[in-house]
Structure formats: structure tokens, C-alpha cells
Amino acid sequence: MYDYDLLVLGSGPSGQKAAIAAAKLGRRVGIVDRRDMIGGVCINTGTVPSKTLREAVLYLTGLSQRDLYGSSYRVKEEITVSDLAARTQHVISRQTDVIRNQLARNRVAMITGTGRFADAHAVWVDGGSGRESRVTFDKIVIAAGTRPARPDSVDFDDRTIVDSDGVINLQAVPRSMVVVGAGVIGMEYASLFAALGTKVTVVERRDRMLDFCDEEIVESLKYHLRDLSVTFRFGEEVAAVEKHQTAALCVLKSGKRIVADTVMYSAGRQGQTDELALEAAGLSADRRGRIQVDANYRTAVDNIYAVGDVIGFPALASTSMEQGRLAAQHACGEPVRAMPELQPIGIYTIPEISFVGETEEELTESSTPFEVGIARYRELARGQIVGDSYGMLKLLVSPDDGRLLGVHVFGTGATEIVHVGQAVMGCGGTVDYLVDAVFNYPTLAEAYKVAALDAANKIRNITRIDG
């Protein structure tokens, strides 16, 4: 007899959903995590704090209202870190309570501490008292998450030189900042601090940023960030960062030197598996701390599963939740449907980006014919009401059968309205459905009808000429 039918290491999005799914199936479930990390990185240092910070910045700076009230409009003239932290701490506290309540309601045992494998059916849990307790299980789900990767050559001090976890704990809003890495996290923070008035320089060794996104959308974002005085240094690498008494000096390999109050490194993330003693259970991780799994999220050891960021791409809270649920169902012997390939991507820059399906570049590369339908927010009544003159929605449509091949949104509410396109694509709908649908007026979702009509008219013109 084991202590638990299913044990979960980590209480982030994937761990929570795995634990609750197994509990709903009548299993005895325990979840191991530190007292100060309930909800995982997502709630405490990652997704939720950064998105809350973004909302606080948008509100306090009045940035999204400047089209209506002028470029000098601000809700608060001097924005301090305490202004931003108050909202962030409030949300973290409330979300932590929600998670505790959900676990308790589903009778999931909360085991406080950090776990490491004793063997394939047991872990040692260190609760911080100096003594370890042994917990046994039939099946286990590793949902340990990740931490920011820290290059050995960089002297992080969590004040002048920070990573993406440390940036939310800065003591003051920096006047200048260098962001190293133009990935999702780097660009989210670059736009956030630029909105606060920080002079931001983005250094990226590749030739472009967010290269998995639609190029037109990325160019629109770049234009708006330059309007907020962001400087981009593409094709550049940081050779060294020198700490001085009042600032940091960032030296690039090309010889350029940039002075900044703060340097934020966004160099990817590292799986938190180095202290799990995986070898005791017959497992191993790659150099980035990631664990290999099969289609059902099962590792090389039959009773051990791994989910979330610790298994690598796509490493999103949304997909991690679903991985946790599916892994728990498989571990409990329940029938499982595979996760759909059609998954939305949301990037919470200012303005935000979201898309589902393929990009123009991918379709062109695969020689797939497509037509483009575009709706611009400035042509929508709702766009004028909310003061968004730059937003746009782009539909990529098959001219042969009218299927939606991709939906790309830039601007206010992008991460929300993309789900309309996702639902239509997931149900095999065509552009005709959007042409004929009646949308509430005035809304941003109405952009779907405008873009669908644009694409349908282009396809009709081609058909007419072809005879």
C-alpha cells in the first residue's frame, strides 16, 4: 500500500491540474511544494505578476488613452515601484488563496517542502526542519517548472543585473535599461518599461525578434516600440557587463558600449531538475534540465510522468495545464484524447500580439495558396471608442475551400479575440461563416466580419477573372 495513488512534484499550472484531475477520478493525491511557492513560478514570479504589472502600467501611465486625450496624458505623474507592487501583491495573494481552496476542496493533500527521489516509488521531502520524511506513491507527475537561465559569465546581483524573475523586485523604476534577448519575455518587459518612460535598448544576436510570429505584425510592434524610444541592436552580442557604483556598462562584441541603470538578461529558462535526484528513479535530464516524455507525457520509467515547462516547448501556462490533466488521466487508466495541434499563442507586449494557425511565411514556404483579409481597428467603431488606431486583425484564407489557415491579431484585446478564430478553425469552419455571422456592435470581434469580407472579395475577384 502506497501513501498516495498519485503524487505531484510542483504546484504550478500543470501540477495543479494533474492533482485535481486525479482527485476527480477518486484517487488519493498529494502535491509537494514550498510554502512560499504555491501556484509555482506562474503565480509568484512569472506569468501572473508580469501580466498584473502590465495592467498597472497601462492604467497608471494612461498610455492606451493617449489617442483620445493627447500624448501628454497620464493618470499619475510619478509612478513608483510601490504603486506597481501593490496591485501585483494583491493579485498574487488572491490567486494563491484560490489555488489552496481548489486543492482543499478536491481533497488533495498539500505536502510542504521540496522533494527528491529515493527510488521510482518514493521521494524524500525536506520540510525545512532538518529532517526528511519519506513519501511513497504508485504514480508520480513531475511538474517542477523552470527558472531563468543564468550564464556563468554574468555577475547577477538582483539589483543592477537581473533576470526575468528578479526584474519584478526592482527597488525603483530605472531611467535606462538594456534587455538582452528579444524573445517573448524580453519583449514583454522591454515594452512594459518603455511605457513607464524608461529608455530601453534591446540587444539580440539574431537578425529579428519573435521570428515565429507573422512578420507584418512584428514590424507593427517594432514601430510602436520605437515610438516609445526603444532602440534595437540586432545581430549583436553582449561581450561583458561591468558594474559601476551608479550604473552598469554593457559592452557589445562589436565594440559598442551602452550605459544603463539596469541590465535584464532574458537568456531562456532552465528546468528545475538538478535537485530532484532523478538518477535514483532511473531518469535523466538534458543540459537545459528538460525531461523527455512520450505522447502521453510518460517518461522512460513507466510510473513517472513529466509535464509543463520542465519538458520544454511550448512551455506556456495554457498548454501546461492541459498536459497536467492529460497525464493524470493516462496515469489513472482513463481514455485520453490527444491535445489538439491548434493552440493559440499570446504575447503580452504593449500592444499585445496573439495568433493561431500558420503565418504567411510558413504558407509561402510550403507552397500553400492563401488570400489575406485585413481589418484595422481604426475602421471599427469600438476601435475609435477605446482609442486604438493601430490594432489590426489578419485572416489567412484558403482560396480553394475558404478554410481559415491562420488568424493574427495585434492591438487591444488580441489575446481575447483570437479565440473566435481558434473556435472557427477547430470546428472546420470557413470564411463564409464569418461573412454571414452577426457580431455585437460595437465590438473588436466585429473585425472578423470586416476581414472575412475583405478576403472573400479578393477571392471572388480572382475567380471572376479565371472564369
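Two strands are taken to pair if DSSP finds at least two bridges between them. Strands (E, at least two residues) and helices (H or I, at least four) are DSSP runs, numbered from the N terminus. The structure is a predicted model, in which local features need pLDDT of at least 70 and side-chain atom pairs count only at pLDDT 80 or more, whereas totals for chains, interfaces and linings use all residues. Residues are numbered from 1 along each chain as its sequence is written, and side-chain values use heavy atoms, with hydrogens and water left out.

On this basis, β4 and β5 are joined by a hairpin through 2 residues. Strand β4 (residues 114-119) runs antiparallel to strand β5 (residues 122-126), and 5 bridges link them. Within this pair, V123 in β5 stands opposite F117.

The hairpin is followed by an open sheet of 3 strands, in the order β12-β13-β14, with antiparallel pairing. Its edge strands, β12 (238-243) and β14 (257-260), each pair on one side only. Neighbouring strands of this sheet are turned by 20 degrees against each other on average, direction ignored; axes are lines fitted to C-alpha atoms, for helices over the stretch in contact, and angles run from 0 to 180 degrees between N-to-C directions. Strand β13 (residues 248-252) pairs with β14 in the antiparallel sense over 4 bridges, and R257 in β14 is the bridge partner of V251.

A further open sheet contains 5 strands in the order β18-β19-β22-β21-β20, and its pairing is antiparallel. Because β18 (345-347) and β20 (371-376) stand at the edges with a single partner strand each, one side of each is left without a neighbour in the sheet. The average turn between neighbouring strands of this sheet is 10 degrees, direction ignored. Strand β19 (residues 353-357) pairs with β18 in the antiparallel sense over 3 bridges, with S354 of β19 as the bridge partner of G346. Helix α11 (residues 414-426) packs on the sheet, where it touches β18, β19, β21 (392-397) and β22 (404-410), and its direction makes about 175 degrees with that of β22. Contact here means heavy atoms within 4.5 Å.

Two annotated regions come from an unreviewed UniProt entry, whose positions are given in the numbering used here, with shortened feature names and annotations that may be inferred rather than shown by experiment. UniProt lists residues 4-324 for "domain: FAD/NAD(P)-binding". Over residues 4-324 the chain is 29% helix and 26% strand, with the end C-alpha atoms 17 Å apart. The feature "domain: Pyridine nucleotide-disulphide oxidoreductase dimerisation" is placed by UniProt at residues 344-451. Over residues 344-451 the chain is 33% helix and 25% strand, and the end C-alpha atoms are 19 Å apart.

Internal space was evaluated on a 1 Å grid over the protein atoms alone: a cavity is a set of points where a 1.4 Å probe fits but cannot get out, a pocket is an open set with protein on both sides within 12 Å along at least five of seven lines, and lining residues have an atom within 4 Å of a point. The second largest pocket holds about 260 Å³ of space. Of its 15 lining residues, L53, A85, I168, N169 and L170 are the closest to its centre. Helix α5 (residues 81-105) provides the largest share of this lining, 6 residues.

The structure holds 1 cavity of 30 Å³ or more. The largest cavity contains about 50 Å³ of space and is lined by S50, K51, R54, E188, Y189, L192 and Y348.

Conventions: Points joined across faces, edges and corners; volume = space filled by probe spheres on them.
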